[in-house]
Every structure is written in C-alpha cells, then in structure tokens.
Amino acid sequence: MKVNTPMMFSKSCEYGLRAVLFIAKNSVNNTKVGLVEIAKEIDSPSAFTAKILQQLTKAGLIESSKGPQGGFFISKTELNELRLASVVEALDGSKVFEGCGLGLSQCDDQYPCPMHNEFLKVRTELKQMLTTTKVLELATQLNDGETWLKRI
C-alpha cells in the first residue's frame with residue numbers, strides 16, 4: 001500500500017535530494033550518470049529533472065560533462081563536504097528553516113501562530129539533521145544496500 005505523507009520540502013527539493021543521492025552513489029564509484037537514468041531512478045519527469053539538475057549545477061553542488069563519457073557527477077572534494085542542507089537551500093531557499101508552520105507571513109515569538117512553539121522545535125531538529133548529515137554517508141548506505149531510493 002502506497003501512503004503519501006506531506007513533506008516540508010517542495011516537490012523540486014524532494015526530487016533534488018533523490019537526484020543528488022543517486023549521483024553521489026555513482027560518484028563514489030567514479031561513474032557519471034545521465035539525465036534519463038537519473039529521472040528514471042528518482043521517478044521524476046525528465047524535463048522537470050533537467051531543471052532541477054540545472055539549479056544544482058548552477059549552485060556548484062553537482063557537475064556535468066558533455067560527450068560520450070559525460071554525465072552528472074559530484075567531485076571527490078565536494079562529495080566529502082556536501083551536506084543535505086546545501087541541497088535544500090539551493091532548491092527551496094531558507095524557508096524550511098525560517099518559515100511559519102502555517103505559512104503566515106507574520107509569525108514570531110512576540111506574535112506566534114497556534115503552532116509556533118511546537119513547529120520551532122521540529123524546525124530546529126530538522127535544521128540540525130540537514131546541516132550535519134553528509135551526502136556521502138547516505139550514498140554509502142545506498143551502495144551497501146542498506147537503504148533504497150525507490151521500491152520495485
């Protein structure tokens with residue numbers, strides 16, 4: 001049974017995180033991957049995936065090369081340093097770290113929304129997880145078969 005639960009990230013960010021993890025998994029093995037392969041692996045339309053990959057490349061998080069041996073990859077240096085927070089910020093900005101849980105334009109400690117205090121805790125823990133988790137750690141789990149990007 002497939003259950004969809006709402007995320008705090010945009011659809012672009014969800015696909016972007018999946019794409020980065022798939023690219024990282026392959027980059028660990030010194031393999032470049034093409035757009036069609038990435039889109040298929042992350043269950044995303046190719047045109048949408050291309051736009052996301054363009055944003056990630058422009059942000060300097062992934063690289064691409066053209067030609068018969070071309071594709072998308074993450075350099076060894078970037079792979080050792082890249083954190084999930086960088087991907088989220090490149091695609092969704094900082095709203096997930098700063099925004100109101102109800103989407104109100106004015107919400108702060110002085111004039112909180114009904115969810116303010118509880119959402120602040122969740123947001124703080126999420127930020128901590130995203131800033132400390134290295135993409136390389138998750139790519140290694142994928143390569144070791146401990147985790148998956150999709151079910152067959």
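## Exercise 1. The spacing of a charged pair

**Task.** Determine how far apart Lys-11 and Glu-14 are in helix 1, and state what joins their side chains.

**Solution.**
Step 1. Lys-11 and Glu-14 are three residues apart in helix 1, so about one helical turn separates them. The model examined here, and in every exercise below, is predicted.

Step 2. Side chains of opposite charge can pair when their charged atoms come close.

Step 3. A salt bridge requires the nitrogen and the carboxyl oxygen to be within 4 Å. For Lys-11 and Glu-14 the N to O distance is 3.3 Å, and their side chains form a salt bridge.

Step 4. The surroundings of each partner are then examined. Lys-11 has 45% relative accessibility and therefore counts as partly exposed. Glu-14 has a relative accessible area of 17%, so this residue is buried.

## Exercise 2. The salt bridges of the whole structure

**Task.** How many salt bridges does a search of the whole structure find? Describe the one that involves Glu-118.

**Solution.**
Step 1. The search finds two salt bridges.

Step 2. Glu-118 is bridged to Lys-121, and their closest N and O atoms are 3.1 Å apart.

Step 3. Because Glu-118 and Lys-121 are three residues apart in helix 7, about one helical turn lies between them.

Step 4. With a relative accessible area of 48%, Lys-121 is partly exposed.

## Exercise 3. The order of the elements

**Task.** State how many helices and strands the protein chain has, and in which pattern they follow one another.

**Solution.**
Step 1. The protein chain contains eight helices and two strands.

Step 2. Along the sequence, these elements give the pattern α-α-α-β-β-α-α-α-α-α.

Step 3. The overall extent can be added: the C-alpha trace spans about 60 × 40 × 30 Å along its principal axes.

Step 4. The protein chain has 152 residues, of which 34% count as buried. About 9,600 Å² is exposed, and carbon and sulfur atoms supply 52% of this area.

Step 5. Among contacts with a separation of 6 or more, 64% come from residues 24 or more positions apart.

## Exercise 4. An aromatic pair

**Task.** Classify the arrangement of Tyr-15 and Phe-48, and locate both residues in the chain.

**Solution.**
Step 1. A pair of aromatic rings is described by the distance of the centres and the angle of the planes.

Step 2. The count comes to one aromatic pair. This pair is Tyr-15 with Phe-48, at 5.6 Å centre to centre and with 85° between the planes.

Step 3. Planes over 60 degrees apart count as edge-to-face, and the pair of Tyr-15 and Phe-48 is accordingly edge-to-face.

Step 4. Tyr-15 belongs to helix 1 (residues 11-28) and Phe-48 to helix 3 (residues 46-58); the two are 33 residues apart, and the pair links distant parts of the chain.

Step 5. Tyr-15 counts as buried, at 11% relative accessibility. Phe-48, at 28%, counts as partly exposed.

## Exercise 5. Lysines over rings

**Task.** Which ring does the charged end of Lys-32 sit over, and which does Lys-127 lie over?

**Solution.**
Step 1. The charged end of Lys-32 sits over the ring of Phe-73, at 5.0 Å from the ring centre.

Step 2. Lys-127 lies over the face of Phe-97, 5.6 Å from the centre of that ring.

## Exercise 6. Positive phi values in two loops

**Task.** State where Asn-30 and Asp-43 lie and what their phi values are.

**Solution.**
Step 1. Most residues other than glycine have a negative phi.

Step 2. Asn-30, although not a glycine, has a positive phi of about 60°. Asn-30 is in the loop between helix 1 and helix 2 (35-42) and is exposed, with a relative accessible area of 65%.

Step 3. Asp-43 likewise has a positive phi, near 55°. Asp-43 lies in the loop between helix 2 and helix 3 and counts as partly exposed at 47% relative accessibility.

## Exercise 7. A nonpolar surface patch

**Task.** Which residues make the nonpolar surface patch of about 260 Å², and where is Met-115 placed?

**Solution.**
Step 1. Leu-102, Leu-104 and Met-115 make the patch.

Step 2. Met-115 is in the loop between helix 6 (95-98) and helix 7 (116-132).

Step 3. A relative accessible area of 36% makes Met-115 partly exposed.

Conventions. Residues are numbered from 1 along each chain as its sequence is written. This is a predicted model: local features need pLDDT of at least 70, side-chain atom pairs count only at pLDDT 80 or more; totals for chains, interfaces and linings use all residues. Side-chain values use heavy atoms; hydrogens and water are left out. Rings of Phe, Tyr and Trp (its six-membered ring) pair if their centres lie within 6.5 Å; planes under 30 degrees apart count as stacked, over 60 as edge-to-face and the rest as tilted. Helices (H or I, at least four residues) and strands (E, at least two) are DSSP runs, numbered from the N terminus. Buried means under 20% relative accessible area, exposed over 50%, partly exposed in between (1.4 Å probe, protein chains only). A charge sits over a ring if NZ of Lys or CZ of Arg is within 6 Å of the ring centre and within 35 degrees of the ring normal. Patches are made of residues with over 30% relative accessible area and no salt bridge: like charges are joined within 9 Å, nonpolar side chains (Val, Leu, Ile, Met, Phe, Trp, Tyr) within 5 Å. Accessible areas come from the Shrake-Rupley method with a 1.4 Å probe; for residues, only the protein chains shown count as cover. Contact means heavy atoms within 4.5 Å.
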